[in-house]
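Subject: Structure handover

Hi,

Here is the structure we talked about. Please open it next to this note and follow along.

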Amino acid sequence: MQMKPMGEPRKHYWQVLKMANATGTPLQAAFEDGDLGSADFADLITKCQRCPQPEKCSVILDRVRKLPDTPDFCPNRETYARLRRQA
């Protein structure tokens, strides 16, 4: 089995931030409260890089400013939801 190459880190860094903004996930507050560390943030980016549908996600984020939740296929869906609950 061949692994799919990971996406460009910079692109996915911005994708993580856009998704957090669109879903109302308070990343900055999570950092300040200790609910999200730098390794956790790096994990968000890595999971985003490995997403099977990054193009679909980009289209969604380009068209919609606010989302009630991340798309079902988002590998960070549970993390975003947890951070919103803890806010």
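The count of aromatic pairs comes to 3 in this predicted model. One of them joins Tyr13 and Trp14. That pair is edge-to-face, with 5.0 Å centre to centre and 80° between the planes. Tyr13 is partly exposed, at 32% relative accessibility. Trp14 is also partly exposed, at 47%. The ring pairs link up into a cluster of Tyr13, Trp14, Phe31 and Phe41.

Next, the salt bridges. The whole structure has 4 of them. Asp43 forms one with Lys47, and their closest N and O atoms are 3.7 Å apart. Why can these two side chains face each other along helix H3? They are 4 residues apart in H3, so about one helical turn separates them. In general, an α-helix has 3.6 residues a turn, so residues three or four places apart point the same way. Both ends of this bridge are partly exposed: Asp43 has a relative accessible area of 36%, and Lys47 has 31%.

Arg77 takes part in two bridges that I can give you in detail. With Asp69, the N to O distance is 3.1 Å. With Asp72, the closest N and O atoms are 3.3 Å apart. Asp72 counts as exposed, at 68% relative accessibility. Shared partners join Asp69, Asp72, Arg77 and Arg84 into one network of salt bridges. Asp69 is partly exposed, with a relative accessible area of 23%. Arg77 is partly exposed too, at 26%.

Now look at Asn76. Is it buried or exposed? Asn76 is buried, because its relative accessible area is 2% and the cut-off for buried is under 20%. Asn76 sits in the loop between helix H4 (54-63) and H5. Leaving aside neighbours within four places in sequence, Asn76 is in contact with Val16, Asp43, Leu44, Lys47 and Cys48. Two of those contacts, Asp43 and Lys47, are the partners in the salt bridge with the 3.7 Å distance.

Helix H5 covers residues 77-86. Its buried residues are Thr79, Tyr80, Ala81 and Leu83. They pack against helix H1 (9-23), helix H2 (27-33) and helix H3 (38-49).

Last, the cavities. The structure holds 2 cavities of 30 Å³ or more. The largest has a volume of about 70 Å³. Its lining includes Asn76 and Tyr80, along with Gln15, Val16 and Met19. Cys48, Cys51, Cys57 and Cys74 line it as well, and so do Phe73 and Pro75. H1 gives the most to this lining, with 3 residues. By class, the lining has 9 nonpolar, 2 polar and no charged residues.

The second largest cavity holds about 40 Å³ of space. Which residues line the second largest cavity? They are Pro26, Ala29, Ala30, Asp33, Asp35, Leu83, Gln86 and Ala87. H2 and H5 each supply at least two residues of this lining. H2 gives the most, with 3. Here the classes are 5 nonpolar, 1 polar and 2 charged residues.

Tyr80 and Leu83 are worth a second look on screen. Both are among the buried residues of H5. Tyr80 is in the lining of the largest cavity, and Leu83 is in the lining of the second largest.

Best wishes

Terms used:
Residues are numbered from 1 along each chain as its sequence is written. Side-chain values use heavy atoms; hydrogens and water are left out. Buried means under 20% relative accessible area, exposed over 50%, partly exposed in between (1.4 Å probe, protein chains only). Contact means heavy atoms within 4.5 Å. A salt bridge is a side-chain nitrogen of Lys or Arg within 4 Å of a carboxyl oxygen of Asp or Glu. Rings of Phe, Tyr and Trp (its six-membered ring) pair if their centres lie within 6.5 Å; planes under 30 degrees apart count as stacked, over 60 as edge-to-face and the rest as tilted. On a 1 Å grid over the protein atoms alone, a cavity is a set of points where a 1.4 Å probe fits but cannot get out, and a pocket is an open set with protein on both sides within 12 Å along at least five of seven lines; lining residues have an atom within 4 Å of a point. Grid points are joined across faces, edges and corners, and a volume is the space filled by probe spheres set on the points. Ala, Val, Leu, Ile, Met, Phe, Trp, Tyr, Cys and Pro count as nonpolar, Asp, Glu, Lys and Arg as charged, and the others, Gly among them, as polar.
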